[in-house]
Amino acid sequence: MILEQIKQGFIRELADKGQREDGRGLLDYRAIKVTKGFAPNAEGSALAEIGRSKVLCGIKFDVMTPFADRPTEGVVMVNAEFSPVAHPEFRAGPPDEKSIELARVVDRGIRSAKVVNVDNMLVTEGKVQGIFIDLYILDHDGNLIDTAALAAMAALKDAKVPKFEEGKIVRGTSSGSLPLKDIVVSTSFEKIGKTIMVDATDAEEIASSGRLSLGTANDGKVCSSQKSGSAGFSKDEYLQMIDWAHEKRRDLLAKI
Amino acid sequence: MVEKADLFKNGKRLDGRGPMDLRPLKITAGVLERAQGSALVEWGRNKVLAAVYGPHEVLPKHLADPTKAIINARYIMAPFSGQEEHGRSGPNRRSIEISKVAKHVFENAVLVDQFPKTMIDVHMEVLQSDGGTRVAGITAGAVALADAGIPLRDLPVGLSAGLIGEHMVLDLDKYEDNLGDSDMPMVILPRTGEILLSQMDGLLSREDISKAFDMIFQGAQKVRDKQIEALRTSYERMAAQAAQGETQ
C-alpha cells in the first residue's frame, strides 16, 4: 500500500503526458480472461480476470417469497464480498460502502437492461424463483467494477436453470440455459489530473480524483452510470466517455 | 391507481406540469438551533432536512487527513417517510450507497484543504418522500454548508431527468420514478458546469443523456436561485435580530 501511495506523484506526472506506468495507452485494457464454470456446484459461475484483478461470480437459484406488488416476478439479488484474501486493506466483516456500491452498480446494469426476464417465474402459489448473484473479489489490482460486471455477465451466460418440482428446487438438474434478453458490460474511467483513462490499476486508482463507470447494453444504450470520487466531469467529457464505452464494449463482449 | 399511460398526456404530466417544469420548491436556511448550519427543502411532497456540524475533531482519529477535512455525509429516510408501509429504521444498502456518492459531491464543493485534520458532517434526513429525495437532500446539504459558513467552490445543485415513453422530463415524482422508463439523478456545480453525481436507472441513448444534461443545467438555475434566496433571507433575519439587539 505504501508503495502505491509513494507512486502517486509519478503516476500523475505520467498521466499528464498521456502515459501509464505499464506502458498501456489511455484507452487500453489489460489482458482480459474469463473462465466459465469455475465453481460447478453453482448453477452458473465464472472467474473474470482483468490484469491482476480477479472476481469470481457464483449464481444460485432458490425458491422465494415474491415482492407483494409483483407476485409472479422472480427476484434477482446481487451481493459483493470483498474477501480479505484480495487486498491488504480488506477486512472480514459486514459489507462496507464500496462493496455495497459495487454490487448495486452491477445490479442496476443487469436490471436496467432487463438481462434476466423475471416475468412469470412463479414456482408454486406464493413462491417464485430467486436468483442470487454473488461476486467474490479475490484479487484487487484496480477496476473491480468492470471485472465484477464481466464475471456476473459470464456467469449468467453459464447458468443452467434447475428443475422445480412440487414447489421445490431439484439440485443438480437442468431445464436448459437461463434465457438472457441483453448483454451488459461496464467500462470504468478514472480521472488523474485532467487525463481520463480506462481500466485503472490499484496504484492508478489511488492517484485518481474520480471515476465514472458506464454500463452499456445492446443497441447503443447506456444502462448504468455511477460517478464516484471527488472529481467532476464536464458534459463533453461525459459524452466522450459514452462513445469510448461503446468502443470498449466490443472487446469485452469478445471475452464472454 | 395510476397507470403508465396516465403519466404523460397532451404535453402535460400527471400533476399538470410540462416537461421542463419543476415541482414547487421552497428552501429555508437556518431551521435548527444547535447545528452550525441547516436547511429544510420542501420540494413537491418531499421534505428533507439537512444539518451540518463541524469542522470538528475526526472520530475515529485514524481517519484524520493531514492535508484536508474529511466529509462525513449521511443520507437516511425516516421509517414513516414513504407512502408504503413502515420502513426499517437505520441505514440500508440504498442509503449507504447514496451517502457515499453524496460525500463525493461535498468533497468536491467544500474547500476541504482549508481545514486539515478535521471532519465536517452533513446529515440529510428524509422526513417525507415523493421521488427525487437524494437530489433534494444534496441540494439541502449545500445550503446547510453555506449556512454554517463553510467555504464552497459553488453551491451544488441536484436535479433529476428521465424518460416517460419518449418524453424527457425534469424533476420526476414518485409515480414517474416508479412507472416511467428511466431516470437520471444528477448533481452539478452550476458555475463550472461540472457533473458531481450521476446515477441512472433504465436505458438511455447518448442523445437522451445529452438532452437530459441540457435540461438539468437549465432547470438547475431555478433551484440555485432558491438556494441563494434561502441564504439571503436567513442572513437578513440574523441582521434584523442583531439590529434589534443593539437598539434595546
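This report walks through a predicted model with two chains, A and B.

## Where the two chains meet

Let's start at the place where the chains touch. Here 26 residues of chain A are in contact with 27 residues of chain B. On the chain A side, the elements that give two or more residues to this contact are helix 2 (97–112), strand 12 (221–228) and helix 5 (235–253). Strand 12 of chain A gives the most, with 8 residues. Sorted by class, the chain A side has 9 nonpolar, 10 polar and 7 charged residues.

Strand 12 of chain A also pairs across the gap between chains. Its partner is strand 12 of chain B (residues 204–205), and the two pair in the antiparallel sense over 2 bridges. If you want one spot to look at, find V222(A): its bridge partner in strand 12 of chain B is L204(B).

## A sheet built from both chains

That pairing belongs to an open sheet of 5 strands, in the order 10(A)-9(A)-11(A)-12(A)-12(B), with antiparallel pairing. The edge strands are strand 10 (195–198) of chain A and strand 12 of chain B, and each of them pairs on one side only.

Helix 2 of chain A lies across three strands of chain A, namely strand 9 (185–192), strand 11 (210–216) and strand 12. The helix runs at about 165° to strand 12 of chain A. How long should helix 2 of chain A be? At 1.5 Å a residue, its 16 residues should span 22 Å, and its end C-alpha atoms are indeed 22 Å apart. Since 13 of those 16 residues are buried, helix 2 of chain A is largely enclosed by the rest of the structure. Just after the helix, K114(A) takes a positive phi of about 50°.

## An open sheet in chain B

Chain B has an open sheet of 4 strands, arranged 9-8-10-11, again with antiparallel pairing. Strand 9 (167–170) and strand 11 (194–198) of chain B each have a single partner strand, so one side of each is left without a neighbour in the sheet. From one strand to the next, the twist averages 30°.

In this sheet, strand 8 (residues 157–164) and strand 10 (residues 182–189) of chain B run antiparallel and are joined by 7 bridges. One pair to look for is L159(B) with M186(B), its bridge partner in strand 10 of chain B. Helix 2 (residues 133–147) of chain B lies across both strand 8 and strand 10 of chain B, and runs at about 165° to strand 8 of chain B.

## More pairing in chain B

Strand 7 (residues 118–128) of chain B is a good one to follow, as it turns up in two pairings. With strand 5 (residues 46–57) of chain B, strand 7 runs antiparallel, and 9 bridges join them. Here K47(B) has Q128(B) as its bridge partner in strand 7 of chain B. With strand 6 (residues 70–77) of chain B, strand 7 pairs in the parallel sense over 8 bridges. In that pairing, the bridge partner of A73(B) is V122(B).

Helix 1 (residues 93–109) of chain B has 17 residues and reaches 25 Å from its first C-alpha to its last, close to the 24 Å expected at 1.5 Å a residue. Helix 1 of chain B is mostly covered, with 13 of its 17 residues buried.

## Inside the core

The largest nonpolar core has 137 residues. Those with the most contacts inside it are L135(A), A148(A), A151(A), A152(A), A140(B) and V143(B). Helix 3 (residues 144–158) of chain A gives the most to this core, with 11 residues.

What does A140(B) touch, leaving aside its neighbours within four places in sequence? It is in contact with A39(B), L40(B), V41(B), V48(B), L49(B), A50(B) and M124(B).

## A closer look at W43(B)

W43(B) lies in strand 4 (residues 37–43) of chain B. Is W43(B) buried or exposed? It has 28 C-beta neighbours inside 10 Å, and a residue with 20 or more counts as buried, so W43(B) is buried.

Leaving aside neighbours within four places in sequence, W43(B) is in contact with R23(B), L25(B), G132(B) and A136(B). Although W43(B) and L22(B) are 21 residues apart along the chain, their C-alpha atoms are separated by 8.7 Å.

Methods:
Residues are numbered from 1 along each chain as its sequence is written. Chains are lettered from A and ligands numbered from 1 in the order in which they are written. This is a predicted model: local features need pLDDT of at least 70, side-chain atom pairs count only at pLDDT 80 or more; totals for chains, interfaces and linings use all residues. Two strands pair if DSSP finds at least two bridges between them. Axes are lines fitted to C-alpha atoms, for helices over the stretch in contact, and angles run from 0 to 180 degrees between N-to-C directions. Two residues are in contact if their C-beta atoms, placed from the backbone, lie within 7 Å. Ala, Val, Leu, Ile, Met, Phe, Trp, Tyr, Cys and Pro count as nonpolar, Asp, Glu, Lys and Arg as charged, and the others, Gly among them, as polar. The expected span of a helix is 1.5 Å times one less than its number of residues. A residue is buried if 20 or more other C-beta atoms lie within 10 Å of its own, exposed if 12 or fewer, and partly exposed in between; C-beta atoms are placed from the backbone. A nonpolar core is a set of buried Ala, Val, Leu, Ile, Met, Phe, Trp, Tyr and Cys residues joined through C-beta atoms within 7 Å.
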